[in-house]
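Here's a quick briefing to read alongside the model. Have the structure open and follow the topics in order.

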Amino acid sequence: MDRILIRGGNRLSGRLPISGAKNAALTLMPCALLTDEPLTLRNLPRLADVDGFGHLLNQLGASTAIEGTRPEDFGRVMTIRTGKLTSTEAPYDIVRKMRASILVLGPVLARAGEARVSLPGGCAIGNRPIDLHLKALEAIGAELEMAAGYVRATAPGGRLSGGRYRFPVVSVGATENVVMAAVLARGGSVIENAAREPEIVDLCNCLVAMGARIAGIGTDTLEIEGVDRLHGATYAVMPDRIEAGSYACAAAITGGDLELVGANVADMQATTDALREAGVTVEPTRDGVRVAADGPLGPVNIATAPYPGFATDMQAQFMAMLCMAGGTSVLTETIFENRYMHVPELARMGADIQVHGRTAVVKGVDRLVGAPVMATDLRASMSLILAGLAADGETAVARVYHLDRGYERLEEKLSAVGADIERASDG
Ligand code: UD1
């Protein structure tokens, strides 16, 4: 299995390109199931999760074609055509490996009047149920049946009615699923306490480009007027704010100076506020965002929250960075239980972190020391990369497949700005 080897201590500087957002890509791709016309997505990141989602779409009857991209380019252009759905089922084998597969439920149900999706089961960062996806779909007219680990959703008369639903807890995925289903309903829908993440705005904008009628985009109340059909569109995936935030932490932890080319600072306010609080310079540039650290880092107290709050997907990377800050930082994880699996690994590199329930107290240390480490999820793996960039000696991060799910050509991007990093294959 591959490992990433890092010899730490290099200061990063230069221009680093930011790819299209993984989490936007994974909700834009299933939009192609809503129409028989082609949906062309530009700036789609080259990631294992995007490939995996493409295979799922293929199983449902969609064709996926990659166009006109050179190997050296970041991102790709993909045209997805679903002339006819040949299957309405997302099987266990796929959903088990990629939780985002649940996002075909809404669109398949809306298009075909029925869908069968395996229940995702456990996940490394908590138990992550899908009850809210199901309740929201029920509220707009779906009938649900559970059997043998699958949920079967049907739309009486072949088409959802539309309806009103207020989320008791903000859920990104459940908001995406119900919006994708409601756009083709017979009547209108009102979704309250909807997630407001920029990826949801991206989804709504793409659906509008396909002919959907959605008001309140970017707010927590989405009003959707169902239409009889959607048409094709060409749409560019938004830049990845979590990838950009991760590389911002890389600049900070190495005392470096990076221009994150293509990043959109407006989507990353909570991250940039926290970076500035730590003493890092963050300034918009013509092409993106410049992040520079020329003095010691200071401690920060952070609690994760739904957008526009501090993203849970940035928690692990900030923790790595704050290990090297002077003073004590307190991080509180409010979104997922069990999202501190990186803590013991950071501790093996010399970090001083105490976890009490959902709170982690990080005492800054003078140095981290390289070690063989591994993580059980994507962002936790990135936190180990960041620690490795700052550590003395060599760090070997195992289970690289987590990183390949969410960071396009990580080692190439980092070595181009001065990191001593390579991928090693153990055969
Ligand atoms: C998405 C992101 C993930 C990010 C998360 C929170 C994708 C592919 N993934 O995940 O990277 O960390 O948002 O920003 O976009 N919940 C329920 N019942 C449900 C659904 C969710 O109780 O039916 C709970 C979850 O357990 C969690 C909270 O709601 O505690 C938020 O989860 P949610 O926003 O749904 O996360 P995802 O959409 O899975």
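**Two domains and what joins them**

About 2000 Å² of area is buried between domain 1 and domain 2, with carbon and sulfur atoms giving 53% of it. Keep in mind that this is a predicted model. The domain assignment splits the chain into domain 1, made of 2-18 + 239-425, and domain 2, which covers 22-236.

**The domain interface**

- If you want a feel for the layout, the C-alpha centres of domain 1 and domain 2 sit 30 Å apart.
- On the contact count, 25 residues of domain 1 touch 22 residues of domain 2.
- Polar contacts show up here too: eight residue pairs between domain 1 and domain 2, both partners at pLDDT 80 or more.
- Three helices each put at least two residues into the side of domain 1 that touches domain 2: helix 12 (378-390), helix 13 (400-406) and helix 14 (410-416).
- Helix 13 gives the largest share of that side, with three residues.
- Sort the residues on that side of domain 1 by type and you get 14 charged, eight nonpolar and three polar.

**Salt bridges**

- Side chains of opposite charge can pair when their charged atoms come close.
- The structure as a whole holds 31 salt bridges, and three salt bridges are found across the interface of domain 1 and domain 2.
- One pair to look up is Asp49 with Arg405, whose side chains form a salt bridge at 3.1 Å, N to O.
- Another is Asp2 with Arg423, where the closest N and O atoms are 3.6 Å apart.
- That second pair ties together distant parts of the chain, 421 residues apart: Asp2 is in the segment before strand 1 (3-7), while Arg423 belongs to strand 24 (residues 420-424).

**Around the ligand**

- Which of the 17 residues around the ligand come nearest? They are Asp131, Leu132, Ser171, Asp313 and Ile335.
- Ser171 also has a polar side-chain atom 2.6 Å from an oxygen atom of the ligand.
- Asn23 does something similar, with a polar side-chain atom 3.0 Å from a ligand oxygen atom.
- Ile130 comes in through its backbone instead: an N or O atom there lies 3.5 Å from an oxygen atom of the ligand.

**Backbone details worth a look**

- Check the peptide bond from Tyr307 to Pro308, which is cis, with omega near 10°.
- You'll find Pro308 in the loop between strand 18 (301-303) and helix 10 (315-322).
- Where is Asn43 found? Asn43 is part of strand 3 (residues 39-44), and its phi is near 60°, a positive value in a residue other than glycine.

Notes. Residues numbered from 1 in each chain as written. Predicted model: local features only at pLDDT ≥ 70, side-chain atom pairs only at ≥ 80, totals over all residues. Heavy atoms only, no water. Domains from an automatic or database assignment. Contact = heavy atoms within 4.5 Å. Buried area = accessible area lost by both parts, 1.4 Å probe. Salt bridge = Lys/Arg side-chain N within 4 Å of Asp/Glu carboxyl O. Polar contact = N/O pair within 3.5 Å; in protein donor to acceptor, adjacent residues only side chain to side chain. Helix = DSSP H or I, 4+ residues; strand = E, 2+ residues; numbered from the N terminus. Nonpolar A, V, L, I, M, F, W, Y, C, P; charged D, E, K, R; others polar. Near = heavy atom within 4 Å.
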